[in-house]
Amino acid sequence: IGQEPVQLTVRPENGGLTINGMFAGQLGQLRVDGLEIQGRIGRCSYDLQSEGGGAYSGQRSCGRFPEPTTVHRPATLNDQPQGQRAALLALLLASR
């Protein structure tokens, strides 16, 4: 991201993905499945629950107080290989 280092490791786990590593110069771990997006990526942490239809709502904290947020995961995302899926999810969350 810009000139910040990105090095992510992705592993399938219980029907979802666990993403570990460096993103935008920050260490983090993120768990993504059909029920939740939870953990830290970049400078933000997420605690989002699925609302169905690819929408996840809950709290995001980026160094300050938690704030409500909603993320819409594109339906075609699951068609991508897991490495690309992880990178796209990280970028989607970072752009919020």
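**Notebook: strands, a disulfide and a helix**

I began at one residue pair: glutamate 36 stands opposite glutamine 49 in β5. The model I am reading is predicted.

**Entry 1: β4 and β5.** I looked up how these strands pair. β4 covers residues 36–41 and runs antiparallel to β5, with six bridges between them. The two form a hairpin, and two residues separate them. I checked the turn there. Glycine 42 has a positive phi of about 65 degrees.

**Entry 2: β5 and β6.** Next I moved to the other pairing of β5. β5 and β6 run antiparallel, joined by seven bridges. I noted leucine 48, which stands opposite glycine 58 in β6. This pair is a hairpin with two residues between its strands. In its turn, glycine 53 has a positive phi of about 65 degrees.

**Entry 3: β6 and β7.** I counted six bridges here, again in the antiparallel sense. Arginine 60 has glutamate 67 in β7 as its bridge partner.

**Entry 4: the whole sheet.** In what order do the strands of the open sheet stand? I read β1-β2-β3-β4-β5-β6-β7, seven strands with antiparallel pairing. β1 (7–13) and β7 each have a single partner strand, so one side of each is left without a neighbour in the sheet. Those two are the edges. I also took the turn between neighbouring strands: 15 degrees on average, direction ignored.

**Entry 5: the disulfide.** I searched the whole structure for disulfides. The search gives one. Cysteine 44 and cysteine 62 form the link, and their sulfur atoms lie 1.9 Å apart. I get 110 degrees about the S-S bond, a right-handed link. What does the pair tie together? Cysteine 44 lies in strand β5 (residues 44–52), and cysteine 62 lies in the loop between β6 (55–61) and β7 (67–72), so the link joins parts 18 residues apart in sequence.

Is cysteine 44 buried or exposed? I find a relative accessible area of 8%. The cut-off for buried is under 20%, so cysteine 44 counts as buried.

**Entry 6: the helix.** Last, I looked at where α1 sits. Helix α1 spans residues 82–94 and lies across β1, β2 (16–23), β3 (26–32), β4, β5 and β7. I noted the angle to β2: about 65 degrees.

**Recap on β5.** I kept coming back to this strand. β5 pairs with β4 over six bridges and with β6 over seven. Strand β5 also holds cysteine 44 of the disulfide, and α1 lies across β5 among other strands.

Methods
Residues numbered from 1 in each chain as written. Predicted model: local features only at pLDDT ≥ 70, side-chain atom pairs only at ≥ 80, totals over all residues. Heavy atoms only, no water. Disulfide = S-S within 2.5 Å. Helix = DSSP H or I, 4+ residues; strand = E, 2+ residues; numbered from the N terminus. Buried < 20%, exposed > 50% of the residue type's maximum accessible area, 1.4 Å probe, protein only. Pairing = 2+ DSSP bridges. Axes fitted to C-alpha atoms, helices over the stretch in contact; angles between N-to-C directions. Contact = heavy atoms within 4.5 Å.
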